[in-house]
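Dear colleague,

Please find below the sequence and structure that I am handing over to you. My account of what was found follows directly after them.

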Amino acid sequence: IMRVTDIFLAFPSLILAMALVAALGPSLRSVLIAITVVSWPAYARVIRGDILAVREEDYVEAARGVGASHFRIIARHILPNSIYPALIMASLDIGAVVLSAAALSFLGLGVPEGYADWGQMIAFARNWIPSLSTYWWIVIFPALALILFTMGWNLVGDALRDIMDPRLRRGR
């Protein structure tokens, strides 16, 4: 599985997403499929690394020594202690996923017209960029909403990391 992950990570994610959406056709479903296909390898790598690190901890060794079953060790010790980095990464990636969807829509490969999409709004506003002094809100508001959304989720992810990461608590 990790070799397949490495193959997916070898391609730039936005270009691979563009190729997938172009192959599947512009729709909300194809955008979701493309973003999922380009996003899972990073999560697989993080989860695998955390599981490999947690399984070597002393409390897992103690559970093995007591005679706990493999299922109990996985369910009670390994998964609960290795899922937090993936949750933090997911909260940090929400902004990146929305930016990728907006980029696909801006290029005309995203959702079809009729959906409320910041990428489409910015693409439609391209015609009014030369007259920005007159129609400044047409470009600024969708871009500002996209920036604030992404920044907000990055701040939430950063706060979650500060709360959930035990390595940060040890130093206090």
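**Aromatic rings and a charge**

W118, F149 and W153 are joined into a cluster by ring pairs. Please bear in mind that the model is predicted. In total, three aromatic pairs were counted. F8 and W40 form one that is edge-to-face, with 5.4 Å from centre to centre and 65 degrees between the planes. This pair connects distant parts of the chain, since F8 belongs to helix α1 and W40 to helix α3, 32 residues apart. Are these two rings buried or exposed? F8 is partly exposed because its relative accessibility is 26%, and W40 is likewise partly exposed because its relative accessible area is 28%; the class runs from 20% to 50%.

A further ring has a charge for company. The charged end of R126 sits over the ring of F106, at 4.9 Å from the centre of that ring.

**Around the cluster and the pair**

Two members of the aromatic cluster, F149 and W153, are also touched by I94, when residues up to four places away in sequence are not counted. I94 itself lies in helix α6, which spans residues 84–106. With a relative accessible area of 29%, I94 is partly exposed. The C-alpha atoms of I94 and N154 are 8.1 Å apart, although 60 residues separate them along the chain.

W40 has another partner besides F8. T5, in helix α1 (residues 2–10), is in contact with W40, P41 and A44, leaving aside neighbours within four places in sequence. T5 counts as buried because its relative accessibility is 0%, where the limit for that class is under 20%.

**Nonpolar cores**

As a general point, nonpolar side chains in soluble globular proteins tend to be buried together. Here the largest nonpolar core has nine residues: L16, A17, V21, V31, A34, I35, V38, A101 and L104. Helices α2 (13–24), α3 (28–54) and α6 each contribute at least two residues to this core. The largest share, four residues, is supplied by α3.

Which residues does V21 contact once its neighbours within four places in sequence are left aside? They are P26, S30, V31, A34, L104 and L109. Of these contacts, V31, A34 and L104 are themselves named in the largest core.

There is also a second, separate core of five residues, and V54, V60, A63 and I73 are among them. I73 appears again in helix α5 (residues 70–82), where the buried residues are I73, I78 and S82. The buried residues of α5 pack against three helices, namely α3, α4 (58–66) and α6.

**A loop position**

Where is T134 placed? T134 is found in the loop between α7 (118–124) and α8 (136–164). T134 counts as partly exposed because its relative accessibility is 44%. From C-alpha to C-alpha, T134 and M151 are 28 Å apart in space, with their positions 17 residues apart in sequence.

With kind regards

Terms used. Residues are numbered from 1 along each chain as its sequence is written. This is a predicted model: local features need pLDDT of at least 70, side-chain atom pairs count only at pLDDT 80 or more; totals for chains, interfaces and linings use all residues. Side-chain values use heavy atoms; hydrogens and water are left out. Buried means under 20% relative accessible area, exposed over 50%, partly exposed in between (1.4 Å probe, protein chains only). Contact means heavy atoms within 4.5 Å. A nonpolar core is a set of buried Ala, Val, Leu, Ile, Met, Phe, Trp, Tyr and Cys residues joined through side-chain atoms within 4.5 Å. Rings of Phe, Tyr and Trp (its six-membered ring) pair if their centres lie within 6.5 Å; planes under 30 degrees apart count as stacked, over 60 as edge-to-face and the rest as tilted. A charge sits over a ring if NZ of Lys or CZ of Arg is within 6 Å of the ring centre and within 35 degrees of the ring normal.
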